[in-house]
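Hi,

Here is the structure I promised to pass on. My notes on it follow below.

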Amino acid sequence: MTGDQGGRFGPEVRDVELAQWQRGERYKVTIDADDKAFGCFLPDGQYNLTRIQISEGPFLSMAQLSDSFSIGNERIVFVGTWRFGVDSPRYGRMAPVSMMAEDAIREQTEHAIRTQYPTLAGESLIAAIPFPPKMETRLYEVLPYPRYPKYFQHHLW
C-alpha cells in the first residue's frame with residue numbers, strides 16, 4: 001500500500017477479484033494483512049483484475065479495475081508486484097494502481113515457490129504483467145458505513 005498513512009487506521013488490501021470471462025468464473029483472493037506476497041492456483045486462460053477491496057479499520061472501500069493478463073499452459077506464472085495507493089479521505093477519492101516486474105522480487109518469489117512446492121522445481125517461471133501497468137480508479141465506500149446508528153442501517157427510506 002502506498003499513499004496517505006497518517007489516518008487513525010492504515011489502509012490494507014483485503015480482497016482482489018479476478019474474472020475469467022471465457023468460462024464465466026470469478027475468483028476472490030483474500031489477502032491477510034501480514035502478507036506481502038500471495039499466490040493462487042488458476043486454470044489457464046485470459047484473466048481480468050476486476051475489483052479490489054481496501055479496509056481502513058472498520059471502513060471498507062472498493063475500486064473497479066480493468067487490468068488483464070493471460071495464463072497459458074505454463075505451471076508457474078509471476079504477475080509482478082502490484083502497488084495499490086489510497087488518497088486521503090475526501091469526496092472523489094482515487095486509488096492509483098501500478099504493476100511491474102522487479103527482478104529482485106521475482107527471484108525471491110521463484111525461490112519461495114521452489115522451496116514450498118518441490119514438485120515445481122524443474123518448471124520455469126514465466127512473467128505475465130497485467131495490462132495496463134498503471135492506472136487510477138475511483139475508490140467507493142461500501143455500506144453499511146459504521147458511523148450510522150443501527151436504526152439507519154436497517155431502515156428503508
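How many residues lie between β2 and β3 in their hairpin? Four, and Gly24 in that turn has a positive phi of about 70°. Before the rest, a caveat: this is a predicted model, where local features need pLDDT of at least 70, side-chain atom pairs count only at pLDDT 80 or more, and totals for chains, interfaces and linings use all residues. Residues are numbered from 1 along each chain as its sequence is written, and side-chain values use heavy atoms, leaving out hydrogens and water.

Back to the hairpin: β2 and β3 (residues 25–30) pair in the antiparallel sense over six bridges (pairing takes at least two DSSP bridges). Leu18 sits opposite Tyr27 in β3. Overall, the chain has two helices and 10 strands (DSSP runs, H or I of at least four residues and E of at least two, numbered from the N terminus).

Now the inside. The largest nonpolar core (buried Ala, Val, Leu, Ile, Met, Phe, Trp, Tyr and Cys joined through side-chain atoms within 4.5 Å) has 21 residues, and Val16, Leu49, Ile52, Trp82 and Phe84 touch the most other members. Buried here means under 20% relative accessible area, with a 1.4 Å probe and protein chains only. β2, β4, β5, β7 and β8 each supply at least two residues of this core. A second, separate core of five residues includes Ile76 and Ile113. Of the chain's 157 residues, 32% are buried.

One last thing to look at: the peptide bond joining Phe131 and Pro132 is cis, with omega about 0°. Pro132 is in the loop between β9 and β10.

Cheers

Methods:
Buried means under 20% relative accessible area, exposed over 50%, partly exposed in between (1.4 Å probe, protein chains only).
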